[in-house]
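Biologist: I'm new to this one. Could you walk me through how to read it?

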Amino acid sequence: MTNSSRPLAVFDLDGTLADTAHRQRFLEQRPRNWDAFFAAAPHDPPLAEGVALALEHAKECEVLYLTGRPERCRKDTVAWIAAQGLPEGRVRMRRDDDRRPARRTKLQILRELARDREIRVLVDDDELVCEDAERAGFRVVRARWAAASAALKEAQEREGRT
């Protein structure tokens, strides 16, 4: 269902479309409980601002979801996207064994996508991802509508987990 003539609108999930606040506690304990953190993802409430933006961009763009969630979460993630009434779109996920910082994995994927497609916008809540994407010439919308989590930020940057 891909229409390669349409530009891409790339959306992050956690903190952009999905409110992860209810599962942050799993990252605040030591050791972090990653299995519980990801197992709780299907119960994330949607973030209205992000959902509205995705629906708006879907009028002119193909929506692609670019998440740091590991591949083992694909079934739950795809089901969550559909349950929220979000636009259909491909989901790009992190390999289960990939622990690189989100800004590296996401920028690599953006560059790959940009080889043969216009990327109209990246919408993400991770400031480091946004900064690197802007430096690389991508148009970015910073998703600042969810409460920031220091534990999630550390996990994205230092542990390459989401």
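Modeller: Sure, let's start with the surface. This is a predicted model, and the accessible surface of its protein chain comes to about 8,100 Å². Carbon and sulfur atoms hold 48% of that surface.

Biologist: What share of the 162 residues is buried?

Modeller: Buried residues make up 49% of the protein chain.

Biologist: And how many helices and strands should I look for?

Modeller: You'll find seven helices and five strands. Along the sequence they follow the pattern β-α-α-α-β-α-β-α-β-α-β-α. As for contacts with a separation of 6 or more, 72% of them are between residues 24 or more positions apart.

Biologist: Let's zoom in. Is Asp124 buried or exposed?

Modeller: Buried means under 20% relative accessible area. Asp124 has a relative accessibility of 1%, so Asp124 counts as buried. You'll find Asp124 in strand E4, which covers residues 119–124.

Biologist: What does the side chain of Asp124 reach?

Modeller: One partner is the backbone nitrogen of Asp126, at 2.8 Å. There's also a polar contact of 2.8 Å with the side chain of Lys106. Setting aside neighbours within four places in sequence, Asp124 has contacts including Asp12, Thr16, Val141 and Arg142.

Biologist: Where does Thr105 sit?

Modeller: Thr105 is in helix H5, residues 102–114. Thr105 is buried because its relative accessible area is 8%. A polar atom of the Thr105 side chain lies 3.2 Å from the backbone oxygen of Ala102. Not counting residues up to four places away in sequence, Thr105 touches Arg94, Asp98 and Arg100.

Definitions and conventions: Residues numbered from 1 in each chain as written. Predicted model: local features only at pLDDT ≥ 70, side-chain atom pairs only at ≥ 80, totals over all residues. Heavy atoms only, no water. Helix = DSSP H or I, 4+ residues; strand = E, 2+ residues; numbered from the N terminus. Buried < 20%, exposed > 50% of the residue type's maximum accessible area, 1.4 Å probe, protein only. Polar contact = N/O pair within 3.5 Å; in protein donor to acceptor, adjacent residues only side chain to side chain. Contact = heavy atoms within 4.5 Å. Areas by Shrake-Rupley, 256 points an atom, 1.4 Å probe, with all protein chains shown as cover.
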